[in-house]
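Trainee: Please take a close look at the sheet and at what packs around it. A plain walk through the strands and the aromatic pairs would do.

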Amino acid sequence: MTAITVRPGRLRDAAEEIERSTGLHVQIIGGTLVMSPTPRGKHAGTVRRLRIQLDPRLPSGLGAFEVSSILMPDNDEDYVTPDLVVLPTDWEENDDWLADPRDVALAVEVISSSERAGGIAAKAEWYAIAGVAVLLSIDPRKGAWTLYTHPRDGAYQGVLHGKYGEPVPLAAPLPPELRTDELPLYAPRA
């Protein structure tokens, strides 16, 4: 993952141009452009397996969406695009491209094989500052997950770590848990 800084007020333009010209996935986190390549098959497979679990178990009015971005309140230049996000189903009829973080029931980030600890921490902090109620970070490098809940004052007050094979406990309106026993692991880096 590569990060660059662009003059304030032009971040969104720069992000769109980079995506258009390179095909890289671009987010703006804390005023910095963060780029990553298209996810690998196991990354995409992890998202797919979680979505298959969520879709039939979500209550009426909520849906799991991919390729949907969340805005940072009071900052039109900052946004993230989680791998999976649970939003009200009327999102699919919305012409906006940035969802309100208060509407997010769950955001899921699958860690890329090349992602660094600092980038992972910065994303979690971004979600907490934005007020996203629940963030699930899945790490196929280690076969581990972290559930972040109760954002307050720019940090998550609840942080629960687990390993693949241990279910992720969730609270209403989400299903009671997500299974992790069938999530793929990345091959060891050479």
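Mentor: Two strands count as paired if DSSP finds at least two bridges between them. The model is predicted. With that rule, an open sheet of 6 strands appears in the order β4-β7-β9-β10-β11-β12, and its pairing is mixed. Its edge strands, each pairing on one side only, are β4 (62-65) and β12 (155-163). From one strand to the next, the twist averages 20°.

At the β12 edge, the partner is β11 (residues 144-152), and the two run antiparallel over 8 bridges. Within this pairing, Leu147 stands opposite Leu160 in β12. Helix α3 (residues 117-130) packs on the sheet and touches β9 (106-110), β10 (134-139), β11 and β12. The direction of α3 makes about 135° with that of β12.

Now the rings. A pair of aromatic rings is described by the distance of the centres and the angle of the planes. The count comes to 3 aromatic pairs. One of them joins Tyr79 and Trp97: the centres are 4.9 Å apart and the planes stand at 80°, so the pair is edge-to-face. This pair links distant parts of the chain, with Tyr79 in strand β6 (residues 75-80) and Trp97 in the loop between β7 (84-88) and β8 (98-99), 18 residues apart. Tyr79 has 3% relative accessibility and therefore counts as buried, whereas Trp97, at 36%, counts as partly exposed.

Trp126 and Tyr127 form an edge-to-face pair too, because their ring centres are 5.6 Å apart and their planes are at 85°. Both Trp126 and Tyr127 are buried.

Definitions and conventions:
Residues are numbered from 1 along each chain as its sequence is written. This is a predicted model: local features need pLDDT of at least 70, side-chain atom pairs count only at pLDDT 80 or more; totals for chains, interfaces and linings use all residues. Side-chain values use heavy atoms; hydrogens and water are left out. Helices (H or I, at least four residues) and strands (E, at least two) are DSSP runs, numbered from the N terminus. Axes are lines fitted to C-alpha atoms, for helices over the stretch in contact, and angles run from 0 to 180 degrees between N-to-C directions. Contact means heavy atoms within 4.5 Å. Rings of Phe, Tyr and Trp (its six-membered ring) pair if their centres lie within 6.5 Å; planes under 30 degrees apart count as stacked, over 60 as edge-to-face and the rest as tilted. Buried means under 20% relative accessible area, exposed over 50%, partly exposed in between (1.4 Å probe, protein chains only).
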